[in-house]
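Me: I am new to this structure and would like a close look at a single part of it, with enough of the surroundings to see where that part belongs. Please take your time over the answer.

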Amino acid sequence: MNIILFGAPGAGKGTQANFLINEFDLTQISTGDMLRNSVESRTELGKQVESFMASGDLVPDNIIFSLITERLNDIDMKKGFIFDGFPRNLKQAQKLDEIINSININLDFVFHIDVDEKILTSRIENRAKQEKITRKDDTSEVLIERLKVYNRDTKPVLDHYANQNILNVIDGMGTIDEVSSNISTIIKKDFKVD
Ligand code: ADP
């Protein structure tokens, strides 16, 4: 079973990704985690992407494509996977279609964890106010920029998957458990999990 997870910053995408990975034994492909690892380990790639991430902008597509291709070579594609944070614009969605067609696999579910913009903004402000900011790009200013980029570049990708009839919009305003259970209900209804 292969899944893509969408959610604006503050929508709880990371939390739900972790839930799904454990619940359905999926391999996670998180471009955000991969990029943060390369920044932390000071690789050439890390140095190239650091400033984009720090300002809340998208990292250039060619860098993302080589990261994804490398990662997909490394993993067992027969085990299901979850894309978290990719694709983030239409070019990336088209690239993913190509990859998927070339290796003969299907996308089964695309979930959009939908949270009202006002709630997102207040979550973002609270997150930034907490004393222990664990991510450099979690300051209020950068989060607002990430939200802007999400609305401008990433939201249009949802239509791409709505047109393929695999988009599921999930109300992201309930508790963490409610959101998880809404997602797994859809999966269990449509997909036979052993
Ligand atoms: P979130 O979804 O919480 O904003 P991520 O961990 O997915 O955070 O991404 C953090 C940052 O990494 C983004 O703001 C962006 O700079 C970069 N990034 C992650 N994935 C991609 C991608 N697919 N394309 C371009 N940039 C990306």
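In which loop is the place of P87?

Reply: The model is a predicted one, and in it P87 has its place in the loop between β3 (81-84) and α5 (90-102). The peptide bond that joins F86 to P87 is cis, with an omega of about 0°.

To see where this loop belongs, it helps to step back to the chain. The protein chain has eight helices and five strands, and, read from the N terminus on, its elements follow the order β-α-β-α-α-α-β-α-β-α-α-β-α. The radius of gyration of the protein chain is 16 Å, close to the 16 Å that the globule rule gives for 194 residues, so the chain is as compact as a globular protein of that length. Taken along the principal axes, the box that the C-alpha atoms of the protein chain fill is roughly 45 × 40 × 30 Å.

Two other loops also hold a backbone feature that deserves a careful look. In the loop between α1 (13-24) and β2 (27-30) lies D25, which has a positive phi of about 55° although D25 is not a glycine. The loop between α2 and α3 (44-55) is the place of R42, and there, too, phi is positive, near 55°, in a residue other than glycine.

From the loops we can turn to the ligand, beginning with its polar contacts. In the loop between β3 and α5, which holds P87, one can start from G85, where a backbone N or O atom lies 3.0 Å from a nitrogen atom of the ligand. V59 likewise has a backbone N or O atom that lies 3.0 Å from a nitrogen atom of the ligand, whereas T31 uses its side chain, in which an N or O atom is 2.8 Å from a nitrogen atom of the ligand. On its own the ligand has 550 Å² of accessible area, and the protein covers 95% of this.

The surroundings of the ligand can be described more fully. The space that the ligand takes is the largest pocket, and of the 17 residues around the ligand, those that come nearest are T31, R36, D57, Q92 and R146. Sorted by class, the shell around the ligand has seven charged, six nonpolar and four polar residues. Helix α2 (residues 31-40) gives the most to this shell, with four residues.

Definitions and conventions
Residues numbered from 1 in each chain as written. Predicted model: local features only at pLDDT ≥ 70, side-chain atom pairs only at ≥ 80, totals over all residues. Heavy atoms only, no water. Near = heavy atom within 4 Å. Polar contact = N/O pair within 3.5 Å; in protein donor to acceptor, adjacent residues only side chain to side chain. Areas by Shrake-Rupley, 256 points an atom, 1.4 Å probe, with all protein chains shown as cover. 1 Å grid on protein atoms, 1.4 Å probe; cavity = no way out; pocket = protein on both sides within 12 Å on 5 of 7 lines; lining within 4 Å. Sits in = over half its atoms within 2 Å of the grid points. Nonpolar A, V, L, I, M, F, W, Y, C, P; charged D, E, K, R; others polar. Rg over C-alpha atoms; globule rule 2.2 N^0.38 Å.
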